[in-house]
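Biologist: I have a complex open on my screen and would like to learn how to read it. Could you walk me through it, one feature at a time?

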Amino acid sequence: MPIDVIIGAWVATGLTLFIFSFLYQDNPLFKLAENLYVGVSVGYTIVKTYDTVVVQLVWKPIVENGEWALLIPVAIGALMLTRYVPKAAWLSRYAFAFIVGVGSGLAIPRTISSFILKQIEDTVRPLLVMVPGEGLTFTMDLLNPASSLNTIIILIGVSSVLFYFFFSVEHTGPGKVVARTGIMFLMIAFGAAFGYTVMARMSLLIGRLTDLIEFSDSSYGRPSLWLLGLTILTLVVMARRARIKPEEE
Amino acid sequence: MTFAERMLKIDRRIIFLVIGLCTLLPLLYPVGLPIKISPEVRGVYDYIESLPEGSVFLLSLDFDPASKPELYPQSISLLRHAFKKNLRVIAMTLWVSGTGMADQVVTQVAREMGKESGKDYVFLGWSPGGTAVIINMGQDLYGAFPADYNGRPTKGMPVLQGIVNLRDVNYAISLGAGNPGVEAWYVFGKDKYKFELAGGCTGVMAPGLYPLLRSGQINGLIGGLRGAAEYETLLGRKGKAIAGMDAQSATHLAIIVLVIICNVFYFSLRRQSAQQSRSGA
Amino acid sequence: MIILRRQVPLLITLITGLVFAAQYYVPHPASEQMLTSVTKWLQIIGGFALVLGVSSLFHVHAVKIRRKEAGWGYSFVLYVSMLGTIAVGLWSNGKEAVDGTMTAFGWIYNFMMVPLQGTMFAILAFFIASAAYRSFRARSREAAVLLIAAVIVMMGRVPLGEYLIPISGDLSQWILNVLNASVRRAILIGVSLGTVALSIKIIFGMERSYLGGGKE
Amino acid sequence: MKRETFNVKRDYARSACGAVLLLAAVLCWPVMPVYAQYADQTKKTLSPPQDVRAFDTPSDGGGSVTLVWSPAPYDSAATRYQILLREGTVSDPMAMTVVAEFPANQHYVREFKWPWWTKPAAGDQHQFTLRSGKGVELKNGTVYSITVAAVLSDDRGVAQPLTVTPQPNWMNWNQINNLFLALLFGSIVFYAIRTARKREIFLRRIPGLDAVDEAIGRATELGKPILYLTGAHDMSDPSTIAAAVILGRVAKRTAAYETDLLVPHRDPITMAVCQEITKQAYLEAGKPDLFKEDANFFITSDQFSYTAAVDGIMLRKKPAANFFMGAYFAEALLLTETGASTGAIQIAGTDSDHQLPFFVTTCDYTLIGEELYAASAYLSREPVQVGTLRGQDIGKALILGVLAAGTVLATLGVMLDAPWPQLFLDLFKDVK
């Protein structure tokens, strides 16, 4: 095992346990790991941006291919940074105006096409299906999302939820029934999302524990076990000191 | 304080401990329950199976270390499958903090399958701009990524032969942990450049992508660790996802039990207070 | 001057917005070429935007250290780790690995950033469990429906659940594919209308909050 | 997902035609080898494809031409069509090269999903669109000769070559419905905003807002403070703006009831804006002396440090009511779970749909998605906000109408086996 990997395993294990110590209570070990995390990730982003933007997208094309037009976006980008010069801060608006303008323009037709037309297109389906040999049929198969029954359920779901988000109409009379249906559909969808999110969070935990188990191997020098002991010890000592302090006061 | 009240106000660290054990024990002593394949995942697998050798496969690893446990196993399986089918693989990422991880997984799987960078696959790395990168690739791939991750110029690379832009891609999969991710690849990519698209995503994102799946905007969806486990099963190669499934089963069951207990106590409390108010009146 | 500060930015938004909305309907190569160059520009400008986000962090912690506010030591840790990462990163040419061999920058990434970020989110697993026990109560009919749907999906998405209750797999499939998809679709349509309305308002200068900062 | 239902409906002509062909094939099957033998011996040529038309592919960026021709009696998987091409004007098909070949029962116009307003020919006609790339290069503005040949084993029938010039176009007519909808919706929003400027527009009361008043009342009774969070985004996000507007309302109430207000922030600019809003609210409530500059305070922009700090405030100060408005991410659960454990009334409002399940289960009341904007418009009564909301409502109503009418027409289309419902359905189809 190369020495840098062994040291890495110890560092990674230590940092993982420091953050897990937050589960017991907020403590200096957690804060240390947390600030380290912010620092490292910001530093990482800066390096990557420098390498990709400055070197690959600006410097090389200009020097190697003479694409001087790329100085325009550089100038626009530089305008953004005038935010920090109070007197020239208004110049940054030009940059934002450009980005936001392009972004809004790009968004309008694409949103209509992908999220409005496409979704309408798929919701509008015939309620009866032509089955060869049987003629027009109403298919009841729940597991086939394209069956007639499911088409109706989807239609009801989409319409009632859309109606729930109507704000210029009072939800009374039949409207109340539709809005209530909408709420029930919403709750089912949230429930599904909840179940899936539980799965996601648990997967993250599984991933971290898998690493810790791997690092408890003797080829790494069992950092998981040693550092676990150390973290618990630190927490105990700190808890003690916190208890003694109020007594002194 | 009644028993139910006391139980509901139990120190949450005890619950933390229960969850920790439910995860740890199955990882140490796996059972290996069978995994059923869902049609969403099969859609992706079958499509890759149907691609002829030399087709262009684009894998965008749009996630960061926070989603590694879910999406890393997915990317390993997809890359293995693509390399096994001798597809030309273009890998990239739209998430800056995922760059190192993406490079690692691509290089590792390529080495394991005996593939050569530049000839059989290329890792383009990261480029800022999010959706702008997708549009730019759709117009001109070499403009968006003049060089690959290792700094070699992309123009003239054997693996990219005959590829001008995203229109020449046969199949693209975005493994997304958020935005930009699968949706962005549809709206700014497939919508205009018409390649076939599928998505892999974290469990948090998955329910939101079902409308796109239903309407055929994506032809398959690999959701979370479970999706990865299904793909590993389809490929017949056990990996981290299958290994994690037992732990996943245990924790899910633990949470369900917790929810049930919570509601049992809650209703017993409600009945008690109802009785009290009745006897008081 | 007020025109330069107020009207010109709005005019820029108006023109770029209209041009790039219209571009979608124009298949001519000239229009495609324009889209290509501007998206490339956006990539570069995106790099500057990152600088903007990061610099406020610089500022906040610099102030903390200078004033020796409570916990300034942590800010110091943040600074040192950030500068250290930058130095190592530049020294490694911004690459985590060269031909498969890990660089020092790659070491920081693999053994510090990956576990730190991963664990930060992994602690949520514990909180979800504790919330499940302490607060997920069927207070109303709506909450009950939510909990039942959640339990079914949780069952149906793991092998053990499908083993214990075989129908849970198909049931959760149906919930996701039909019920969930229909709701998400309605939300998607609603949100998209909102996005289009907002974009239109931005282009025509009725929504200006993005201009923010800087005195008039 | 195969959409069988659609195919059946639109392909009514093909299914009829196909059935006839199938029948013919079945009936002739025993004779066919004989016929083939006979054909082989006599070298009888196939009749060339009829009614061939060649034109520049409409609505594209150039480098492409389209051929259309009539179906022939010999259309089947056994027969093949070849596309022949040559630069310049050529009259002899032998001098042209084969650039594409496919079975004769493929490439019908109906397979290409044209909307009716750009459809180049009837659905049962054959269509082939030749594009630059993959061995063929079509230069814009250059004249090409092109034709189609039918091939069955050794037989070949070639149509007369036609000339065609590929051109880039300035308008994609296939997407004209998209443009139309964008313009329509844009004008609806403008119209609604104008109406809102002129007169009051009715907005239904948002039930969550009653809960807000109730929560503040309870905090006053208990003599405990109120905690208000504005979310993770900055002031450019609509949800943060909505959160700030609602904060104004809450601050007015706390001023009236003389309850303490705590607003920890993640973004310095949002903090500055909220400070102004709070001050204004206290002025309007007639209690400017009660306004505290430090009711709004900045913690940190980092997600988890912020969360840990706010959790600390919840545990120490035990606020009677917690408000979570704006955009939230993974920290949502950490916040609401801690809040619930202190027994506070919790009211949330967010458009971050991935966090909504947690808010709904852990909070007493949740403003779901657009309800947050509606609540803010309801409170602010600003014409632009109210008008936009109204405009979106009209948009939704239109979509509901399209869904209803479309489903009825699509069903009728299947029942009556008629093509006319497609005239309406195509308008709401996303075609490229």
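Modeller: Sure, we'll go through confidence, then the contacts between chains, then burial and salt bridges.

Biologist: Before anything else, what overall scores does the predictor give the complex?

Modeller: Keep in mind that this is a predicted model. The predictor gives the complex an ipTM of 0.87 and a pTM of 0.87.

Biologist: And chain by chain, say for chain D, what is the mean pLDDT?

Modeller: Where pLDDT is low, the predicted coordinates should not be read in detail. Chain D has a mean pLDDT of 84, with 89% of its residues at 70 or more. Residues 1–43 of chain D are below 50, although that stretch does have 39 contacts in the model beyond near neighbours in sequence.

Biologist: Okay, on to interfaces. How do I put a size on one, for instance how much area is buried between chain C and chain A?

Modeller: Interface size is often given as the accessible area lost when the parts come together. Between chain C and chain A, about 10500 Å² is buried, and carbon and sulfur atoms give 80% of that. In residues, 111 from chain C are in contact with 112 from chain A.

Biologist: Which polar features cross the interface of chain C and chain A?

Modeller: There are 16 residue pairs in polar contact, counting pairs with both residues at pLDDT 80 or more. The salt bridge count between chain C and chain A is 5. D51(A) and K95(C) form a salt bridge, with their closest N and O atoms 3.0 Å apart.

Biologist: Which helix of chain C gives the most to the side that touches chain A?

Modeller: That would be helix 7 of chain C, with 25 residues. Several helices of chain C supply at least two residues each to that side, including helix 1 (2–23), helix 2 (29–67) and helix 4 (104–134). By class, the side of chain C that touches chain A has 72 nonpolar, 27 polar and 12 charged residues.

Biologist: Let me try the same reading on chain A and chain B. How many residues does the contact take from each?

Modeller: It takes 42 residues from chain A and 53 from chain B. The buried area there is about 3900 Å², with 68% from carbon and sulfur atoms. On the chain A side, R110(A), Y196(A) and I206(A) lose the most area to chain B, together 16% of what that side buries.

Biologist: And how many salt bridges are there between chain A and chain B?

Modeller: The count is 0. There are 8 residue pairs in polar contact between chain A and chain B, again with both residues at pLDDT 80 or more. Helix 2 (28–65), helix 4 (92–123) and helix 6 (174–214) of chain A each supply at least two residues of the side that touches chain B. Helix 6 of chain A gives the most, with 19 residues. That side of chain A divides into 21 nonpolar, 13 polar and 8 charged residues.

Biologist: Now burial. How many residues of helix 6 of chain B are buried?

Modeller: Helix 6 of chain B, residues 131–139, is mostly covered, with 8 of its 9 residues buried. Among them are V133(B), I134(B), N136(B) and Q139(B).

Biologist: Last topic, salt bridges. How many turn up over all chains?

Modeller: A search of the whole structure finds 33. One of them pairs E337(D) with R12(B), the closest N and O atoms being 2.7 Å apart. This pair crosses between chains, from helix 9 (residues 331–341) of chain D to helix 2 (residues 12–28) of chain B.

Biologist: Is E337(D) buried or exposed, and why?

Modeller: E337(D) has a relative accessible area of 1%, so it counts as buried, because the cut-off for buried is under 20%.

Biologist: What about salt bridges within chain D, such as the one of D210(D)?

Modeller: D210(D) meets R205(D) at 2.5 Å, N to O. D210(D) is partly exposed at 36% relative accessibility, and R205(D) is partly exposed at 33%. Another salt bridge joins D213(D) to R249(D) at 3.5 Å. It links distant parts of the chain, with D213(D) in helix 5 and R249(D) in helix 6 of chain D, 36 residues apart. D213(D) counts as buried, at 18% relative accessibility.

Biologist: Which residues are linked in a network of salt bridges?

Modeller: K36(B), R226(B), E230(B) and E162(C) are linked that way.

Key: Residues are numbered from 1 along each chain as its sequence is written. Chains are lettered from A and ligands numbered from 1 in the order in which they are written. This is a predicted model: local features need pLDDT of at least 70, side-chain atom pairs count only at pLDDT 80 or more; totals for chains, interfaces and linings use all residues. Side-chain values use heavy atoms; hydrogens and water are left out. Contact means heavy atoms within 4.5 Å. Buried area is the accessible area (1.4 Å probe) that two parts lose on being put together, summed over both. A salt bridge is a side-chain nitrogen of Lys or Arg within 4 Å of a carboxyl oxygen of Asp or Glu. A polar contact is a pair of N or O atoms within 3.5 Å; within protein, one must be able to donate a hydrogen and the other to accept it, and residues adjacent in sequence count only if both atoms are side-chain atoms. Helices (H or I, at least four residues) and strands (E, at least two) are DSSP runs, numbered from the N terminus. Ala, Val, Leu, Ile, Met, Phe, Trp, Tyr, Cys and Pro count as nonpolar, Asp, Glu, Lys and Arg as charged, and the others, Gly among them, as polar. pLDDT is the predictor's confidence in each residue, from 0 to 100. Buried means under 20% relative accessible area, exposed over 50%, partly exposed in between (1.4 Å probe, protein chains only).
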